[in-house]
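This report is intended for a reader who has not met this structure before. Please view the sequence and the model together while reading.

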Amino acid sequence: MQPRLAELVSYMDQSRDRLLAAVSRINPTFATVRPNKDAWSVADNLTHLALVEEGVARLVAKSVDWAKAHGIGPETSHESIMSSLDEFALTTADVKMKAPGMVIPPPDQPMDTSLAALQSSRSRLKDALMSGEGLNFSQIKRAHPVFGEIDLYQWGLFVAQHEDRHRAQIERTLTEVTELAAECAPIV
């Protein structure tokens with residue numbers, strides 16, 4: 001695998017490992033509890049991540065097909081892609097962003113369903129990326145609804161950083177939900 005794609009896939013795997021480690025400690029009873037009416041539950045966050053990743057997988061697959069049909073050349077750079085989205089501070093979770101309607105999770109998805117969807121979407125995204133192995137992904141750009149034109153490396157990086165952002169949100173949600181449960185527990 002060429003170095004830039006290998007770097008991206010490795011980072012995506014690390015991000016997923018961090019997310020799964022964070023949710024492995026969650027009591028499934030709390031996974032669908034929302035800390036307030038405007039907040040997402042842990043399962044909502046996981047479902048949202050799967051919906052976003054599935055959409056990116058489709059975008060990458062179509063873009064790779066387009067690139068092959070239009071003679072996009074081979075990758076020649078070994079420069080890291082890791083800082084290419086830094087200007088957007090995506091992993092900084094203190095700025096609330098509103099999700100587009102197509103990636104708002106349906107209510108009350110069980111956590112195991114959300115996790116299965118995440119596994120499936122990651123498989124499809126990796127397959128789509130690998131189908132373009134050797135292509136210069138930095139020459140293939142598609143519009144992101146917030147960031148404007150970004151290339152396919154950045155789309156993959158977006159998925160991983162978006163996942164890190166929501167992992168932090170999941171951790172906050174879990175803290176809030178368990179605090180609420182403790183407040184509501186009967187005194188014995």
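The sections below treat the nonpolar cores, one helix, selected buried residues and a strand hairpin in turn.

## The model and its nonpolar cores

The structure is a predicted model. Its largest nonpolar core has 33 residues, and those with the most contacts inside this core are L8, V56, V60, L125, L129, F137 and F158. The elements that give two or more residues to this core are α1, α2 (42–69), α3 (111–131) and α4 (152–184). Among these helices, α4 gives the most, with seven residues. A second, separate core of 12 residues also exists, and V42, L46, M111 and I170 are included in this second core. In soluble globular proteins, nonpolar side chains tend to be buried together.

Two residues with many contacts in the largest core may be examined individually. V60 touches L125, A128, L129 and L152, when residues up to four places away in sequence are not counted. L129, found in helix α3, is buried, with a relative accessible area of 0%. With residues up to four places away in sequence again left out, L129 touches L5, L8, M12, V60 and F137. By contrast, the C-alpha atoms of L129 and A21 are separated by 25 Å, and these two residues are 108 residues apart along the chain.

## Helix α3 and its two faces

Helix α3 comprises 21 residues, which at 1.5 Å a residue should span 30 Å. Its end C-alpha atoms are 30 Å apart, so the expected span and the model agree.

Which residues of α3 are buried? They are M111, S114, L118, S121, R122, L125, A128 and L129. These residues cover an arc of only 130° around the axis, and therefore they lie on the same side of α3. The face turned away from this buried side carries the exposed residues D112, Q119 and D127.

## Two buried serines

S114 belongs to helix α3. This serine is buried, with a relative accessible area of 1%. A polar atom of the S114 side chain lies 3.2 Å from the backbone oxygen of A43. Leaving aside neighbours within four places in sequence, S114 is in contact with A43, L46, T47 and Q109. L46 is also included in the second, separate core.

S15 lies in helix α1, which covers residues 3–24. Is S15 buried or exposed? S15 is buried, with a relative accessible area of 0%. The side chain of S15 reaches the backbone oxygen of A160 at 2.9 Å. Apart from neighbours within four places in sequence, the residues in contact with S15 are A160, E163 and D164.

## A buried arginine in helix α1

R4 also has its place in helix α1. With a relative accessible area of 10%, R4 counts as buried, because burial is defined as under 20%. Leaving aside neighbours within four places in sequence, R4 is in contact with E75, S77, H78, E79, S80, I81, S138 and Y153.

How far apart are the C-alpha atoms of R4 and Q154? They are separated by 11 Å, while the two residues stand 150 residues apart along the chain.

## The hairpin of β1 and β2

Strand β1 (residues 141–144) and strand β2 (residues 148–151) pair in the antiparallel sense over four bridges. The two strands form a hairpin, with three residues between them. Within this pairing, the bridge partner of R142 is I150 in β2. A143, in turn, stands opposite E149 in β2.

P145 lies in the loop between β1 and β2. Is P145 buried or exposed? P145 is exposed, with a relative accessible area of 67%. The C-alpha atoms of P145 and H162 are separated by 14 Å, and the two residues are 17 residues apart along the chain.

## Summary

The predicted model contains a largest nonpolar core of 33 residues, to which α4 gives the most. A second core of 12 residues is separate from the largest one. Helix α3 has its buried residues on the same side, and exposed residues including D112 occupy the face turned away from that side. The strands β1 and β2 form a hairpin, and P145 in the loop between them is exposed.

Technical notes
Residues are numbered from 1 along each chain as its sequence is written. This is a predicted model: local features need pLDDT of at least 70, side-chain atom pairs count only at pLDDT 80 or more; totals for chains, interfaces and linings use all residues. Side-chain values use heavy atoms; hydrogens and water are left out. Buried means under 20% relative accessible area, exposed over 50%, partly exposed in between (1.4 Å probe, protein chains only). A polar contact is a pair of N or O atoms within 3.5 Å; within protein, one must be able to donate a hydrogen and the other to accept it, and residues adjacent in sequence count only if both atoms are side-chain atoms. Contact means heavy atoms within 4.5 Å. A nonpolar core is a set of buried Ala, Val, Leu, Ile, Met, Phe, Trp, Tyr and Cys residues joined through side-chain atoms within 4.5 Å. The expected span of a helix is 1.5 Å times one less than its number of residues. The arc is that of the directions from the helix axis to the C-beta atoms. Two strands pair if DSSP finds at least two bridges between them.
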